[in-house]
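Here's a quick briefing to read with the model open beside you. We'll begin at the pocket and work outwards from there.

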Amino acid sequence: MLTTRLPTKVEPYRLASAGKRLEGVIPLAYMPRVVEAIGAQEGDVSVSMTFDIDTQRRSFIEGSIAFEASLLCQRCLGPTEPEPLSSEFLLGLVTSDALAAQLPGEYEPVVVENEQLDLLTVIEDEVLLVLPQVVYHEEADCAVSRDQLASGVEPEASDAPAVNPFSVLRTLKDKH
């Protein structure tokens, strides 16, 4: 288990030129956008980042994150069991949006301002990207059954033809 706290700000170009590797943890509670999206969480995000320069002289960060999060079931709004989540990423360091557009497709751009990079924001972005869009308990474990989700009585099938909302346009067309 990693216990090293990562710095919140780094000089990424200096780290890339030296080929440095950072490993450590950042508490999920330090990430306000994550807390807003999934609620307060216990635990840390384990982070591993390698700063380097590719053959085209582009600085990049290759990394991975791993953490556990208890998410809310979208059916019953109750908490789920903590779920392990992880992601690997390859970030190209750029100083402007124009340079970001020139990066090869395998890189996700990260804009570095004033030679400083806010690692907390980068890691928080990666955490948000790995969160599942929709979470449900298994049907047997959920407090809300499928029958309770029905929104009303299904309409009866009718033999009458459906009214075409564009039929008025046909009459206008026929007049000319």
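The lining of the largest pocket draws at least two residues from each of S6, strand S7 (117–118) and H4. Keep in mind that this is a predicted model. H4 is the top contributor to that lining, with 5 residues. Zooming out, the protein has 5 helices and 7 strands, and 33% of its 176 residues count as buried.

**The pocket**

- The largest pocket holds about 210 Å³ of space. Of its 15 lining residues, Pro109, Val110, Thr121, Val122 and Asp125 sit closest to the centre.
- Val110 turns up again in the strand pairing, as the bridge partner of Leu93.
- Val122 is also on the list of buried residues in H4.

**Helix H4**

- H4 covers residues 119–130, which makes 12 residues. From first C-alpha to last, H4 spans 17 Å, close to the 16 Å expected at 1.5 Å a residue.
- Which residues of H4 are buried? They are Leu119, Leu120, Val122, Ile123, Glu124, Glu126, Val127 and Val130.
- A bit of background for reading that list: an α-helix has 3.6 residues a turn, so residues three or four places apart point the same way.
- Two glutamates, Glu124 and Glu126, are in that buried set alongside residues such as Ile123 and Val127.
- At the start of H4, Asp118 puts a side-chain oxygen within 3.2 Å of the backbone nitrogen of Leu120.

**Strands and how they pair**

- Along the sequence, the order of elements is β-α-β-α-β-β-β-α-β-β-α-α.
- Strand S2 (residues 21–27) pairs with strand S3 (residues 44–53) in the antiparallel sense, over 7 bridges. Within that pairing, Leu22 has Met49 of S3 as its bridge partner.
- S3 goes on to pair with S4, again antiparallel, this time over 8 bridges. Here Thr50 stands opposite Glu62.
- S4 (residues 59–69) and S5 (residues 83–94) are antiparallel too, and 10 bridges link them.
- Glu62 is a handy landmark: it faces Thr50 in one pairing and Leu90 of S5 in another.
- What about S5 and S6, parallel or antiparallel? They run parallel, with 4 bridges joining S5 to S6 (residues 108–111).
- So S6 is worth a second look, because this DSSP strand both pairs with S5 and supplies at least two residues of the pocket lining.

**Salt bridges**

- How many salt bridges are there? The count comes to 5.
- Glu11 and Arg14 form one of them, with the closest N and O atoms 3.1 Å apart. Glu11 is partly exposed, at 34% relative accessible area, whereas Arg14 is exposed, at 51%.
- Arg21 and Glu23 make another, at 2.8 Å from N to O. Both partners are partly exposed: Glu23 at 37% and Arg21 at 49%.
- Asp54 and Arg58 also form a salt bridge, with 3.2 Å between the closest N and O atoms. Asp54 counts as buried because its relative accessibility is 16%, under the 20% cut-off. Arg58 is partly exposed, at 26%.
- Arg33, Glu124 and Asp125 are joined into one network by salt bridges that share partners.
- That network takes in Glu124, one of the buried residues of H4, and Asp125, one of the residues closest to the centre of the largest pocket.

**Loops and unusual backbone angles**

- As a reminder, most residues other than glycine have a negative phi.
- Arg57 has a positive phi near 70°. Arg57 belongs to the hairpin of S3 and S4, where 5 residues lie between the strands.
- Asn114 isn't a glycine, yet its phi is positive, at about 55°. Asn114 lies in the loop between S6 and S7 and is exposed, with a relative accessible area of 74%.
- Glu115 is in the loop between S6 and S7 as well. Glu115 has a positive phi of about 60°, although it is not a glycine either.

Conventions: Residues numbered from 1 in each chain as written. Predicted model: local features only at pLDDT ≥ 70, side-chain atom pairs only at ≥ 80, totals over all residues. Heavy atoms only, no water. Pairing = 2+ DSSP bridges. Salt bridge = Lys/Arg side-chain N within 4 Å of Asp/Glu carboxyl O. Buried < 20%, exposed > 50% of the residue type's maximum accessible area, 1.4 Å probe, protein only. Expected span 1.5 Å × (residues − 1). Polar contact = N/O pair within 3.5 Å; in protein donor to acceptor, adjacent residues only side chain to side chain. 1 Å grid on protein atoms, 1.4 Å probe; cavity = no way out; pocket = protein on both sides within 12 Å on 5 of 7 lines; lining within 4 Å. Points joined across faces, edges and corners; volume = space filled by probe spheres on them.
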